[in-house]
Amino acid sequence: MEVETPTHEQNREFADVDINNGSASGASDEEEVPAPGSVTNLDQESDLFVSAMTPSEVHRRISASNLEEVLTDDGDYFIQIAVSDPQKVGDGMSSYLAYKVTTKTNIPKFKRTEFSTLRRFSDFLGIHDLLVNKYMRMGRIIPPAPSKNIIGSTKVKMSPQQSEPGTPINQEWIEIRRAALERFVHRTAQHPVLRVDMDFVNFLESDQELPRAVNTSALSGAGVIRLFNKVGETVNKITYKMDENDPWFDDKITEVENLDANLQKLSTALKSLVSSRRELSALTGLVAKSAAMLSTCEEHTGLSRALSNLADVEEKIELLRSEQANSDFYILAEFVKDYLGLFGAIKCIFHERVKAFQNWQYAQMQLSKRRENRGRFELANRADKLDQAQQEVEEWQGKVQRCQQQFDDISAEIKREMERFEISRVKDFKANIIKYIEVQMAHQQQIISYWEAFAPFAREIV
């Protein structure tokens, strides 16, 4: 999707997504073993592997109902999504911003080929959380949703109600959020599995209001719990070192860390560039005003005319500098910020693989304990305990096999995901760099034309 410097008046192009750029992976049997230290007694262990629906069942349902119909067909499928028209709904602290999400597609999973619906910001966060809960444990890269802006949201909530209900509102941070939400749904729709997920389809297609995603609130109890969980996850990532047997993962983790570190530096430099360009625009405006004031008190006719035209040129260049700052921000800075989020998502799936390895090791440790218990009962001729001990050994043998299969499956899925990600990343960077160069060249050519038009007035000064 090409991201243009946004204006509220112009019509935005839809983001084209080719559905034929990926394939479905096979179903895998996934059950989660508790992390080491999470089991306190034997009575609890038998319930740890029981749930209403295991991830493997979810995966099989997704594969059967969504992927078979779409991804195995060689048809030319596409999906185009635009997020537009942010509007304030309600008044006071209970108000919120709603965005129009318009979709065009010929994917058979959708009931219509063109439709639109209104979605609030929490709906976007809600669909992201649903996809994370479904797919991250499988090793799939889930594009990150835009971050919350409590200060900006509060300002909108406390602002006066619009004269007409549903009237679009104009604030810079709202446009930044709108563009970020559009990029989020676009990247999600690029994924060959996520774009046909039933929750994502319902998010785009349903005319009904979605269930309120209360857990996405930054100040909710669930938000505080998530914060503590993230702290625990971070500590676990730092303290636990996995003995890696696959050199591919060692190399890829190092590559991701290096790219992420250098993207952080690029992001910082781009923020400085945007700030400097906006400051330059403001200073150019001051030059224009000063030249205009000087021209009014200049008695020499030719010089006065030249200063007046210089003021006009500087005023035009001020607008161009502002446009250049916007292109720096929307085409490069926000693009790099998105990829920093994607690299964060990649680190998350690498950590999911580490957790799968921990579960496998934990299951092996429990199996060893059960075998030791069985051996003690055999030496003590405790026939009354031997049958139960043998049953526990067989049970944990099955758990070890399932955990090993989980680890192998997520390792294979991560390799497929990274291959797809690398292809997409190179294409994205190429497209954005070319677009940025073209915009900068157009700005420079415009500046040259302004100065060329001014040159005759300067030469006429005698």
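**Exercise 1. A charged pair between two helices**

Are R370 and E392 buried or exposed? Determine this for the predicted model, and place the pair in the chain.

*Solution.* Step 1: the side chains of R370 and E392 form a salt bridge, with an N to O distance of 3.4 Å. Step 2: R370 belongs to helix α9 and E392 to helix α10, and the pair links distant parts of the chain, 22 residues apart. Step 3: both R370 and E392 are buried. As background, side chains of opposite charge can pair when their charged atoms come close.

**Exercise 2. The overall layout**

State how many helices and strands the protein has, and describe their order from the N terminus.

*Solution.* Step 1: the protein contains ten helices and four strands. Step 2: read from the N terminus, the order is β-α-α-β-β-β-α-α-α-α-α-α-α-α. Step 3: the protein has 462 residues, of which 44% count as buried. Step 4: among contacts with a separation of 6 or more, 79% join residues 24 or more positions apart. Step 5: the exposed area of the protein is about 24800 Å², and carbon and sulfur atoms supply 53% of it.

**Exercise 3. The largest nonpolar core**

Identify the residues that touch the most other members of the largest nonpolar core, and the elements that contribute two or more residues to it.

*Solution.* Step 1: this core has 73 residues, and those touching the most other members are I81, F124, I141, F203, L204, I346 and F421. Step 2: two or more residues each come from β2, β3, α3, α5, α6, α8 (247–297), α9 (301–379) and α10. Step 3: α9 provides the largest share, 22 residues. Step 4: apart from this core lies another, of six residues, including V313, I317, I447 and Y450. Step 5: to see the surroundings of one core member, take F124; leaving aside neighbours within four places in sequence, F124 is in contact with V83, Y99, V101, R119, L181, F184, V185 and F203.

**Exercise 4. Helix α6 and its surroundings**

Which residues of helix α6 (residues 198–205) are buried, and against which elements do they pack?

*Solution.* Step 1: the buried residues in α6 are F200, V201, F203, L204 and E205. Step 2: they pack against strands β2 (78–89), β3 (96–105) and β4 (114–120), and against helices α3 (121–135) and α5 (172–190). Step 3: at the start of α6, a side-chain oxygen of D197 comes to within 2.9 Å of the backbone nitrogen of D199. Step 4: F203 and L204 are also among the residues that touch the most other members of the largest nonpolar core.

**Exercise 5. T117 in strand β4**

Explain why T117 is classed as buried, and name the backbone atom that its side chain reaches.

*Solution.* Step 1: T117 is located in strand β4. Step 2: its relative accessibility is 6%, and T117 therefore counts as buried, the cut-off being under 20%. Step 3: the side chain of T117 reaches the backbone oxygen of S206 at 2.9 Å. Step 4: neighbours within four places in sequence aside, T117 is in contact with Y99, K100, V101, F203, L204, S206 and D207.

**Exercise 6. Salt bridges across the chain**

Locate the partners of the D246–K415 and D260–K347 salt bridges, and describe the accessibility of K415, D260 and K347.

*Solution.* Step 1: the structure holds 25 salt bridges. Step 2: in one of them, the side chains of D246 and K415 meet at 2.8 Å, N to O. D246 lies in the loop between α7 (221–239) and α8, whereas K415 lies in helix α10, 169 residues apart. K415 is partly exposed, with a relative accessible area of 32%. Step 3: D260 and K347 meet at 2.9 Å, N to O. D260 is in helix α8 and K347 in helix α9, so this pair ties together parts 87 residues apart in sequence. Step 4: D260 counts as buried at 10% relative accessibility, while K347 counts as partly exposed at 27%. Step 5: R183, R187, E334, D338 and D428 are linked in a network of salt bridges.

**Exercise 7. A nonpolar surface patch**

Which residues form a nonpolar patch on the surface together with M441, and why does M441 count as partly exposed?

*Solution.* Step 1: the patch consists of I433, I437 and M441, with about 270 Å² of accessible area together. Step 2: M441 is in helix α10 (residues 383–459). Step 3: M441 has 47% relative accessibility and therefore counts as partly exposed.

Conventions
Residues are numbered from 1 along each chain as its sequence is written. This is a predicted model: local features need pLDDT of at least 70, side-chain atom pairs count only at pLDDT 80 or more; totals for chains, interfaces and linings use all residues. Side-chain values use heavy atoms; hydrogens and water are left out. Patches are made of residues with over 30% relative accessible area and no salt bridge: like charges are joined within 9 Å, nonpolar side chains (Val, Leu, Ile, Met, Phe, Trp, Tyr) within 5 Å. Accessible areas come from the Shrake-Rupley method with a 1.4 Å probe; for residues, only the protein chains shown count as cover. A salt bridge is a side-chain nitrogen of Lys or Arg within 4 Å of a carboxyl oxygen of Asp or Glu. Buried means under 20% relative accessible area, exposed over 50%, partly exposed in between (1.4 Å probe, protein chains only). Contact means heavy atoms within 4.5 Å. A polar contact is a pair of N or O atoms within 3.5 Å; within protein, one must be able to donate a hydrogen and the other to accept it, and residues adjacent in sequence count only if both atoms are side-chain atoms. A nonpolar core is a set of buried Ala, Val, Leu, Ile, Met, Phe, Trp, Tyr and Cys residues joined through side-chain atoms within 4.5 Å.
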